[in-house]
Amino acid sequence: MTRLKLDSVNMRFGPLHVTRDVSFSLEAGERVALIGPNGAGKTTLVNIIAGSLRHSSGTVRFEGEDMAALTTSERARKGLVRTFQISRLFLGMTVEENVRVAALHRHQGRKVSRDTIDAEVGAGLAKLQVGHLAHKMVDSLALGERRLVELSLALTMEPRLLLLDEPAAGIPHGESRMVLKAVNELPSDLTVMLIEHDMDLVFSWARRIIVLSGGAVVMDGQPEAIARDEHVQRIYFGRGDA
Ligand SMILES: Nc1ncnc2c1ncn2[C@@H]1O[C@H](COP(=O)(O)OP(=O)(O)O)[C@@H](O)[C@H]1O
Ligand SMILES: [Mg+2]
């Protein structure tokens, strides 16, 4: 089943029209990069899909269901999960406690045994090989390690669509490779949409690239076609005449 389907999504902030008639679908296991210049509307689009912003018009469907009435938490429990450009971890808690919060959150409103939660916490930590950090306080971790913990929190939610907004942003180069390696090793059935500025990474990782400019999708295709496109080169890479 189609994981995500956007139809003519628009977002206006007063007179600012920052998302313009955006339509596309994502299927199971797709590896999609969302690129575009600063201010193109990438984060806004992720906010709309994740539910932290209410769009002005159009529809967002996740696995066939209209998401309009659902909060961010409700979407996450259904498997539509995002990570943030800015860390949302509980700094004064250990890694394991953070993963536990995510696991409990997923089961909110349902009865589950402590053993079930323990097992999910263990699995969440193991998925990104952060088990050795389990009992460290988050504020004692390196930035790259924090990102790995955020990713394992996201995976604890058992997502089927994962939205990653610049996961390597603000991380020292040596550590960012560790984060990108983790992004590379995400489960193959998971649909991943990644916002990332490093074009080497985008072109090596993505099987599909969606280019936003001025809030609109100006190109959607395979990396080879995107790289060749003159319009994209002009608006995004700043080549050719303006
Ligand atoms: N809450 C808001 N109120 C008004 N304008 C906003 C708001 N959030 C974003 N914008 C504007 O929307 C445009 C797109 O922003 P954003 O989605 O953050 O772009 P990107 O992530 O591609 O850099 C920008 O012009 C930004 O100033
Ligand atoms: Mg952004």
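Trainee: In this predicted model, what makes S2-S1-S4-S5 an open sheet, and which strands are its edges?

Mentor: The 4 strands S2, S1, S4 and S5 follow one another in that order, with antiparallel pairing. S2 and strand S5 (65-66) each pair on one side only, and these two are the edge strands.

Trainee: How do you know that S1 and S2 are paired?

Mentor: Two strands pair if there are at least two bridges between them. Strand S1 (residues 4-13) and S2 are joined by 7 bridges, so they meet that cut-off. They run antiparallel. One of the bridges can be followed by residue: Met11 has Thr19 in S2 as its partner.

Trainee: What holds the strands of a sheet together in general?

Mentor: Strands of a sheet pair through backbone hydrogen bonds, and the pairing is either parallel or antiparallel.

Trainee: Which strands does S9 join, and in which direction does each pair run?

Mentor: S9 has 4 bridges to strand S3 (residues 31-35), and that pair is parallel. With strand S10 (residues 216-221), S9 has 5 bridges, and that pair is antiparallel. Both counts satisfy the rule of at least two bridges, so S9 is paired with S3 and with S10. As examples, Val32 is bridged to Arg208 in S9, and Ile210 is bridged to Asp220 in S10.

Trainee: What lies between S9 and S10 in their hairpin?

Mentor: There are 2 residues between the strands, and Gly214 in this hairpin has a positive phi near 55°.

Trainee: Why is S9 called mostly covered?

Mentor: A residue is buried if its relative accessible area is under 20%. In strand S9 (residues 208-213), 5 of the 6 residues are buried, so the strand is described as mostly covered.

Trainee: What makes H1 mostly covered?

Mentor: The reasoning is the one used for S9. In H1, 8 of the 9 residues are buried, among them Lys42, Thr44 and Leu45. Just after this helix, Gly51 has a positive phi of about 100°.

Trainee: How do you know that H1 contributes to the surroundings of ligand 1?

Mentor: Helix H1 (42-50) and strand S2 (16-26) each supply at least two residues of the shell. H1 gives the most, with 3 residues. The shell includes Phe13, Leu16, Lys42, Thr43 and Thr44. By class, it has 5 nonpolar, 5 polar and 1 charged residues.

Trainee: Why do Lys42, Thr43 and Thr44 count as polar contacts of ligand 1?

Mentor: A polar contact is a pair of N or O atoms within 3.5 Å. A side-chain N or O atom of Lys42 is 2.8 Å from an oxygen atom of ligand 1. For Thr43 a backbone N or O atom is 2.9 Å from a ligand oxygen, and for Thr44 a side-chain N or O atom is 2.6 Å from one. Each distance is within the cut-off, so each pair counts. As for cover, ligand 1 taken alone exposes 560 Å², and the protein buries 58% of that.

Trainee: Why is Glu63 called partly exposed?

Mentor: Its relative accessible area is 25%. Buried is under 20% and exposed is over 50%, so Glu63 falls in between. Glu63 sits in the loop between strand S4 (57-62) and S5. Its phi is positive, about 45°, although Glu63 is not a glycine.

Trainee: Is Glu158 buried, partly exposed or exposed?

Mentor: Glu158 has a relative accessible area of 42%, which also lies between the two limits, so Glu158 is partly exposed. Glu158 is in the loop between helix H5 (143-156) and strand S7 (161-165), and its phi is positive, near 50°.

Conventions:
Residues numbered from 1 in each chain as written. Chains lettered and ligands numbered in written order. Predicted model: local features only at pLDDT ≥ 70, side-chain atom pairs only at ≥ 80, totals over all residues. Heavy atoms only, no water. Near = heavy atom within 4 Å. Polar contact = N/O pair within 3.5 Å; in protein donor to acceptor, adjacent residues only side chain to side chain. Areas by Shrake-Rupley, 256 points an atom, 1.4 Å probe, with all protein chains shown as cover. Nonpolar A, V, L, I, M, F, W, Y, C, P; charged D, E, K, R; others polar. Buried < 20%, exposed > 50% of the residue type's maximum accessible area, 1.4 Å probe, protein only.
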